[in-house]
Amino acid sequence: MRNQKAVNSLFEDTCTVYEQTDTADEMTHRTKKTVREVYTDIPCRLSFSSIAQSAEGSGNDTVTQSVKLFTAPDVRIRPGSRVHVVRATGAVSDWKRSGIPASYQTHCEYMLEPLEDYA
């Protein structure tokens, strides 16, 4: 597919995706949350856009940044996953996934939120 090849040529970044799953502890037989890696170093692209909004009467503008992750159509990131992105420039960032992906024939789009206080 020529369109698929054109879209893939834009994927200059790479990401690793982690999912949280329930695992039974063999000793206590209790279920605990564990994090597992589901994709490693897959090609992707981060896109940033800022939206300025004014609150009525405040006199100050607030700026909201919208971050979108583009991946190949066969990559399926589940809600609640953590995404570690390495940009083509070498910059590293961590994100959490929110919402349902917009799926197209040539790619998938995921809205991301900054990952804060991950331990």
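Start by selecting Leu-46, which sits in strand S2. This is a predicted model, so keep the confidence colouring handy as you go. Leu-46 counts as buried, at 4% relative accessibility. Now show whatever surrounds Leu-46: leaving out residues up to four places away in sequence, Leu-46 touches Asp-13, Val-67, Lys-68, Leu-69, Val-85, Arg-87, Ser-93, Trp-95 and Leu-112. Pick Leu-69 from that set and draw a C-alpha to C-alpha distance from Leu-46: the two are 4.7 Å apart in space and 23 residues apart in sequence.

Next, keep Trp-95 from that neighbourhood and add Phe-48. How many aromatic pairs does the structure hold? Just one, and you have both partners on screen: the ring centres of Phe-48 and Trp-95 are 6.3 Å apart and the planes meet at 55°, so the pair is tilted. For reference, over 60 degrees would have made a pair edge-to-face. Colour by strand and you'll see the pair linking distant parts of the chain, with Phe-48 in strand S2 (residues 31-54) and Trp-95 in strand S5 (residues 92-103), 47 residues apart. Switch on a surface and compare the partners: Trp-95 is buried at 8% relative accessibility, while Phe-48 is partly exposed at 37%.

Stay in the mood for rings and jump to Tyr-18. Which residue lies over the face of Tyr-18? Show Arg-82: it is 4.3 Å from the ring centre.

Now hide those and select the sulfurs of Cys-15 and Cys-44. Why is there no bond to draw here? The sulfur of Cys-44 is 3.8 Å from the closest cysteine sulfur, the one in Cys-15, and that is too far for a bond; the cut-off is 2.5 Å. The structure holds zero disulfides. Are these two cysteines buried or exposed? Cys-15 is buried with a relative accessible area of 1%, and Cys-44 is buried too, at 0%.

Move on to Thr-21, in strand S1 (residues 13-24). Thr-21 counts as buried at 18% relative accessibility; the limit for that label is under 20%. Bring up the contacts of Thr-21, again skipping residues up to four places away in sequence, and you get Lys-32, Lys-33, Thr-34 and Arg-36.

Time to zoom out and show the whole chain as a cartoon. You should find one helix and six strands, running α-β-β-β-β-β-β along the sequence. Of the 119 residues, 29% are buried. Turn on contacts between residues at least 6 apart in sequence, and 52% of them join residues at least 24 apart. A surface for the full chain comes to about 8200 Å² of accessible area, with 49% of that belonging to carbon and sulfur atoms.

Last stop: colour by pLDDT. The chain averages 86, and 86% of the residues score at least 70. Which elements mark the two ends of the confidence range? Select helix H1 (residues 2-8) for the lowest mean pLDDT, 79, then strand S4 (residues 82-86) for the highest, 95. Where pLDDT is low, the predicted coordinates should not be read in detail.

How values were computed:
Residues are numbered from 1 along each chain as its sequence is written. This is a predicted model: local features need pLDDT of at least 70, side-chain atom pairs count only at pLDDT 80 or more; totals for chains, interfaces and linings use all residues. Side-chain values use heavy atoms; hydrogens and water are left out. pLDDT is the predictor's confidence in each residue, from 0 to 100. Helices (H or I, at least four residues) and strands (E, at least two) are DSSP runs, numbered from the N terminus. Rings of Phe, Tyr and Trp (its six-membered ring) pair if their centres lie within 6.5 Å; planes under 30 degrees apart count as stacked, over 60 as edge-to-face and the rest as tilted. Buried means under 20% relative accessible area, exposed over 50%, partly exposed in between (1.4 Å probe, protein chains only). A charge sits over a ring if NZ of Lys or CZ of Arg is within 6 Å of the ring centre and within 35 degrees of the ring normal. Contact means heavy atoms within 4.5 Å. Accessible areas come from the Shrake-Rupley method with a 1.4 Å probe; for residues, only the protein chains shown count as cover.
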